[in-house]
Every structure is written in structure tokens, then in C-alpha cells.
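Please open the model in your viewer and keep the selection panel at hand. The tour below proceeds by selections, each followed by a description of what is found there.

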Amino acid sequence: ATPTALMVGTGRAAKMGVLIKDGTALEEIENVKTIIFDKTGTITNGQPAVTDIVGNQSQVLQVAASLEASSEHPLAAAILQKAKAESVDYPSATDFQALEGRGVMAKVNGEGAFVGNERLAAESKLPSDLQQKLHTLQAAAKTVVIVGYAGQVIGLIAIQDAPKPSSAAAISALKARGLKTVMLTGDNQRVAEAIAKQVGIDQVIAGVLPNQKAEQVQALQKDGKVAFVGDGINDAPALTTADVGIAMGSGTDIAIESGSIVLVQNDLNGVVRALDISKKTFNRIK
Ligand code: ADP
Ligand code: MG
């Protein structure tokens, strides 16, 4: 494109809340075959809230809140908010450890305790009634964490993070433009599939550890150019690996720095706008 055309395109995009940090991204997005989305905070609101507690509510909340008080994960915020709403007091934990993509461990009242997913809790073998409940909650698009205390699983906490109201329409518009859509998440397969179904995503890659996101992007690049849309600290490598990195304006600083396009309005319609502006900008001078 001529520098003038590029400037006009970039200016038009900015007015629509699409910040183009790098002009080549605007040109490149037109050649993208697949759009990959992070789940939490990108497709969903990123404001998870506790919906169900299985087990003795005050005991489960007390142990979970003790542990999560030292965590910065969005799931931790949801659990602490619930403990506060239910006026549950909790002791402070010691020997805190965060296990990436799995959960947290610490000592509560001197006893070993954990909150996390099946990858973390597998060894504690869930009783079959809890297993059943876990699956039912996951199929309802809820992220479930398992709470363990003193060598036993004491309960489950289900946490819901609803899709943004704009996500489904934006994904359908991208598919109508011939693009393939993929969700890449650290969350459980069942939960990810339930949310993918709600918004019309074509393919789900779940249970991805934070350091594996970039590798998954590379694997998808074998079928053509890809854009990655994300907001988190752990999305930064995927944003720089993708042919076009698109960050949510509400995202972490490192995600915004890693993206070459930033969506000020924090919704996926921005991706559709970026594509359409790219077409207009580059077709005019071809
Ligand atoms: P993503 O941001 O893609 O959802 P993460 O890698 O941050 O993925 O987390 C993946 C999973 O690890 C979560 O869905 C949850 O099951 C578990 N997990 C991570 N951190 C915590 C935490 N502080 N408390 C409970 N579970 C956690
Ligand atoms: Mg996210």
C-alpha cells in the first residue's frame, strides 16, 4: 500500500477502536486463514463468579479462601468474593505454592491443602459421586476446582465466566468471511467445548499449559497464516508467534505490548472491523 493509503486505513481503524501499532499487521490480517482465541477475558467477560459449592459450604470456602488469598488468578478472586459474601473467615495459609495451569497448594492450620483442577487432584482420586457432579457442572460451561484438605477431597467449587454478549455474532461474522475459528485454553476440555458451542467456535484445544500456547499456534500455522487474540500474561508468547497478534485493550500490559493490533472496545467485533478495514485499504490500490 502507499503510505497515504496505510495512514488513511490506520486512522479509520483508530476511529473504530482498532489501534494498529504496526502497519504490516493491517496488510497481513487479510491473508489469515485461522483465528485463534484465548478463552478467559477474550471470548468470555473474564469476571468469573462462584455458582455452586459441593460439600460443606463453609468448610470448603474456608479452606479454598485461605489458599486463594495468596493467588492472583481470576478464579482466586471469584472464590474470595464468595467467601466475603458468605462472611466466611479463614486462617492465613503457609508454604504457599502456585502450580501453573493446575492450581495452588499450601498448609492451612498446619494441614496440607490444595485447590485446583483434575491435573492437580488426580492422585487424591475423587469419589464417584463427586466425579459425576464435576462432569455435570463442566458440561454446563462451569470451571470446577477441587478442594483438598488433610489428605481428603472435601468438595468442589463451580465458577462461571459467561461469554461476552458480542462474542457469538463476531465469531459468526468471521466464519462468514471464510475464516476458521479455534479456542486455545488452559481450562478443561468439557468446559471449553460447552463455551465454544455457545459462541460457535469451530475447534477447541483445551488443557494447554501456559508455556505451550505458542507451540499450539505454530502447529496451526502449518495450515496457513494465523491471528491470535488474547489478553493475559500467558498469552504474550502466542501473540508474538502468530502472524498477527491482537490484544484486548483491557488486557495485561505485557499482552498489549506483544500485540500489533489492540482492541480498545474489548470485544471481538474489533477483529471483524480490522479485517474489513484491511480489505478496503489494500484493495483500493491493487
Ligand atoms: P486460562 O487462563 O487459559 O483459563 P490457566 O493456565 O490460567 O488457564 O489455568 C488453567 C486451569 O488451572 C484453571 O482452569 C484451573 O483449573 C487451574 N488453576 C490455575 N490457577 C488456579 C488457582 N489459583 N486456583 C484454582 N485453580 C487454578
Ligand atoms: Mg485470558
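Begin with Asn 266, which is found in the loop between S13 and H13. The model is a predicted one. Phi of Asn 266 is near 60°, a positive value in a residue other than glycine. At 23% relative accessibility, Asn 266 is partly exposed, because it falls between the limits of 20% for buried and 50% for exposed.

**The helix after the loop**

Next, select helix H13, residues 269-283, together with helix H8, residues 167-176. Their axes come within 8 Å of each other and cross at roughly 30°. Because angles under 35 degrees count as roughly parallel, H8 is roughly parallel to H13. To see the contact, display Ala 170, Ala 173 and Leu 174 on the H8 side, and Asn 269, Val 271, Val 272 and Leu 275 on the H13 side. Which classes of residue make up the contact of H8 with H13? Six are nonpolar and one is polar, with no charged residues.

Keep H13 selected and add the strands that it lies across: S1, S2 (32-38), S11, S12 (244-248) and S13 (261-263). The helix runs at about 55° to S1.

**The sheet**

Now extend the selection to the whole open sheet, in which seven strands follow the order S1-S13-S12-S11-S2-S9-S10. The pairing in this sheet is mixed. Which strands form the edges? They are S1 (18-20) and S10 (203-205), each of which pairs on one side only. From one strand to the next, the twist averages 20°.

At the S10 edge, select strand S9, residues 180-184, with S10: the two pair in the parallel sense over three bridges. Within this pair, Val 182 stands opposite Gln 203 of S10.

**The magnesium ion**

Select ligand 2, the magnesium ion, and show its protein donors: Asp 38 (OD), Thr 40 (O) and Asp 231 (OD). These donors lie 2.1 to 2.3 Å from the ion. Their spacing in sequence is D-x1-T-x190-D. Thr 40 and Asp 231 link distant parts of the chain, being 191 residues apart. Thr 40 belongs to helix H3 (residues 39-43), whereas Asp 231 is in the loop between strand S11 (225-230) and helix H11 (236-241).

Are these two residues buried or exposed? Thr 40 has a relative accessible area of 28% and is partly exposed. Asp 231, at 15%, is buried, because its value is under 20%.

**A buried isoleucine**

Move to Ile 195 in helix H9, residues 189-199. With a relative accessible area of 3%, Ile 195 is buried. Apart from neighbours within four places in sequence, Ile 195 is in contact with Lys 39, Ile 43, Thr 44, Ala 141, Asp 161, Pro 163 and Met 183. Two of these selections connect with earlier stops: Lys 39 and Ile 43 fall within the residue range of H3, and Met 183 within that of S9. For a distance check, select the C-alpha atoms of Ile 195 and Ala 158, which are 37 residues apart along the chain and separated by 15 Å.

**A last stop on a strand**

Finally, select Asp 95 in strand S4, residues 94-99. What is notable about its phi? The angle is near 55°, a positive value in a residue other than glycine. Asp 95 counts as exposed, at 54% relative accessibility.

Terms used: Residues are numbered from 1 along each chain as its sequence is written. Chains are lettered from A and ligands numbered from 1 in the order in which they are written. This is a predicted model: local features need pLDDT of at least 70, side-chain atom pairs count only at pLDDT 80 or more; totals for chains, interfaces and linings use all residues. Side-chain values use heavy atoms; hydrogens and water are left out. Axes are lines fitted to C-alpha atoms, for helices over the stretch in contact, and angles run from 0 to 180 degrees between N-to-C directions. Helices (H or I, at least four residues) and strands (E, at least two) are DSSP runs, numbered from the N terminus. Angles under 35 degrees count as roughly parallel, over 145 as roughly antiparallel, 65 to 115 as roughly perpendicular and the rest as oblique. Contact means heavy atoms within 4.5 Å. Ala, Val, Leu, Ile, Met, Phe, Trp, Tyr, Cys and Pro count as nonpolar, Asp, Glu, Lys and Arg as charged, and the others, Gly among them, as polar. Donors are N, O and S atoms within 2.8 Å of the metal (3.2 Å for Na, K and Ca); water is not among the atoms, so sites may look incomplete. Buried means under 20% relative accessible area, exposed over 50%, partly exposed in between (1.4 Å probe, protein chains only). Two strands pair if DSSP finds at least two bridges between them.
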